[in-house]
Amino acid sequence: MAKGLRRAARAVASSCLVLSLNIYVFAIVLYEILGNEPSADPWFRTLPLSMWTLLVDGTLLDNMGIVVDELLRIEAFHAVTIFMMFTLLSAMLILNMLIGVLCEVVSGVAALEKEEAAIDLMKRSVLGILKRLDADGTGEITEAMMEQLTDDPLAIEVLYDLQVDVDYLMEIKDMMISDPARTLTITEVMDLILSIRGDRSPLMKDMVGSSRFLTWKINAVTDQMEDRIAEIISRMLLARPEESIPI
């Protein structure tokens, strides 16, 4: 929370500056209109008092009804219009904009801290397991090592905490290591696990990756079906060699 407020300091300062200028400008206008009106003295007798009234009654909406009722009683309709315009700009727009900026910054900081916590958890657990599996120290992770990783109880617990679907992870691994001779680096494995966390907001690259995975999966299933059909036809031909089976 404190880190989010520090990051939002510039936006908060800008909003407060805009609000102050808004109060100053409208206070001058209302003071010029109501400065000589005895009934409005409790609120607009001087310029500082006018600014205070706009801050407390117009921005914080403390006793706005009392001020408006008094202005209506003395038939200062133009002043009422200006006062309502100020309330709309300050209380409804600027303050809500300030609240929105704070919420957005705090949410962004919370997401960043969550990402950092996930990376730290990976470094303290999965990274150590991968380095242990990489006995030769080359930094290359083979398909067999990935199988050992998903069999490790500690790794499974960490993947569960990160909301990683292990089955999906292994299918992504199969797509990336379609060639048995190919390997993945430790960095690629770490990035892969972090990118498929269930609590992570999807990005455009995730959509592109999902499209590639879907295409690969369809092709893989199609190849399996074709191999299975060819195997069935071969068995039928072997069982009945005297007959020809149209293909």
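Analyst: Happy to start with a term: helices are DSSP runs of H or I with at least four residues, numbered from the N terminus. Please keep in mind that this is a predicted model.

User: Thanks! In which helix is the place of Glu 70, and is Glu 70 buried or exposed?
Analyst: Glu 70 has its place in helix α5, which covers residues 64–73. Its relative accessible area is 15%. The cut-off for buried is under 20%, so with 15% Glu 70 counts as buried.

User: Which residues is Glu 70 in contact with, leaving aside its neighbours within four places in sequence?
Analyst: Glu 70 is the buried residue we just placed in helix α5. Once neighbours within four places in sequence are set aside, the contacts of Glu 70 are Ser 39 and Trp 43.

User: Let's move to the cysteines. How many disulfides does a search of the whole structure find?
Analyst: A disulfide needs two cysteine sulfur atoms within 2.5 Å. The closest cysteine sulfur to that of Cys 16 belongs to Cys 103 and is 15 Å away, which is too far for a bond. Seen from the other side, Cys 103 is in no disulfide either, its nearest cysteine sulfur being that of Cys 16. The search of the whole structure therefore gives a disulfide count of zero.

User: What is the relative accessibility of Cys 16, and what is the relative accessible area of Cys 103?
Analyst: Cys 16 counts as partly exposed, and Cys 103 is partly exposed as well. The values are 37% for Cys 16 and, for Cys 103, 46%.

User: Now for helix packing. At what angle do α2 and α4 pack, and what does that make α2 relative to α4?
Analyst: Helix α2 spans residues 9–34 and helix α4 spans residues 47–59, and their axes are 8 Å apart. The angle between them is about 120°. That value lies outside the 65 to 115 range for roughly perpendicular and is not over 145, which means α2 is, relative to α4, oblique.

User: How many nonpolar, polar and charged residues are in the contact of α2 with α4?
Analyst: The α2 side includes Leu 19, Ile 23, Phe 26 and Tyr 31, while the α4 side includes Leu 47, Met 51, Leu 54 and Thr 59. Sorted by class, the residues of this contact are 12 nonpolar, two polar and no charged.

User: What is the handedness of the crossing where α7 passes α8?
Analyst: Helix α7 covers residues 126–133 and helix α8 covers residues 143–151, with axes 10 Å apart and an angle of about 135°. That makes α7 oblique to α8. As for its handedness, the crossing is right-handed.

User: Which residues of α8 does α7 meet?
Analyst: From α7 come Val 126, Ile 129, Leu 130 and Leu 133. By class, the contact of α7 with α8 holds six nonpolar, one polar and no charged residues. The partners in α8 are Met 145, Gln 148 and Leu 149.

User: And how is α8 oriented to α10?
Analyst: The axes of α8 and helix α10 (residues 166–176) come within 11 Å and cross at roughly 175°. The contact includes Glu 143 and Glu 147 of α8, with Lys 173 and Asp 174 of α10. Its classes are four nonpolar, one polar and four charged residues. Because angles over 145 degrees fall in this category, the orientation of α8 to α10 is roughly antiparallel.

User: Where is the non-glycine residue Leu 61 found, and what is its phi?
Analyst: Leu 61 is found in the loop between α4 and α5. It is partly exposed, with a relative accessible area of 37%. Although Leu 61 is not a glycine, its phi is positive, near 55°.

User: Is Glu 75 buried or exposed?
Analyst: The place of Glu 75 is in the loop between α5 and α6. Its phi is positive, near 60°. The relative accessibility is 57%, and since the cut-off is over 50%, Glu 75 counts as exposed.

User: One more: which residues is Leu 194 in contact with, leaving aside its neighbours within four places in sequence?
Analyst: Leu 194 is found in helix α11, residues 186–195. It is buried, with a relative accessible area of 11%. With neighbours within four places in sequence left aside, its contacts are Ala 118, Ile 119, Met 122 and Arg 200.

How values were computed. Residues numbered from 1 in each chain as written. Predicted model: local features only at pLDDT ≥ 70, side-chain atom pairs only at ≥ 80, totals over all residues. Heavy atoms only, no water. Buried < 20%, exposed > 50% of the residue type's maximum accessible area, 1.4 Å probe, protein only. Axes fitted to C-alpha atoms, helices over the stretch in contact; angles between N-to-C directions. Helix = DSSP H or I, 4+ residues; strand = E, 2+ residues; numbered from the N terminus. Parallel < 35°, antiparallel > 145°, perpendicular 65-115°, else oblique. Left-handed = near helix turned anticlockwise from the far one by under 90°. Contact = heavy atoms within 4.5 Å. Nonpolar A, V, L, I, M, F, W, Y, C, P; charged D, E, K, R; others polar.
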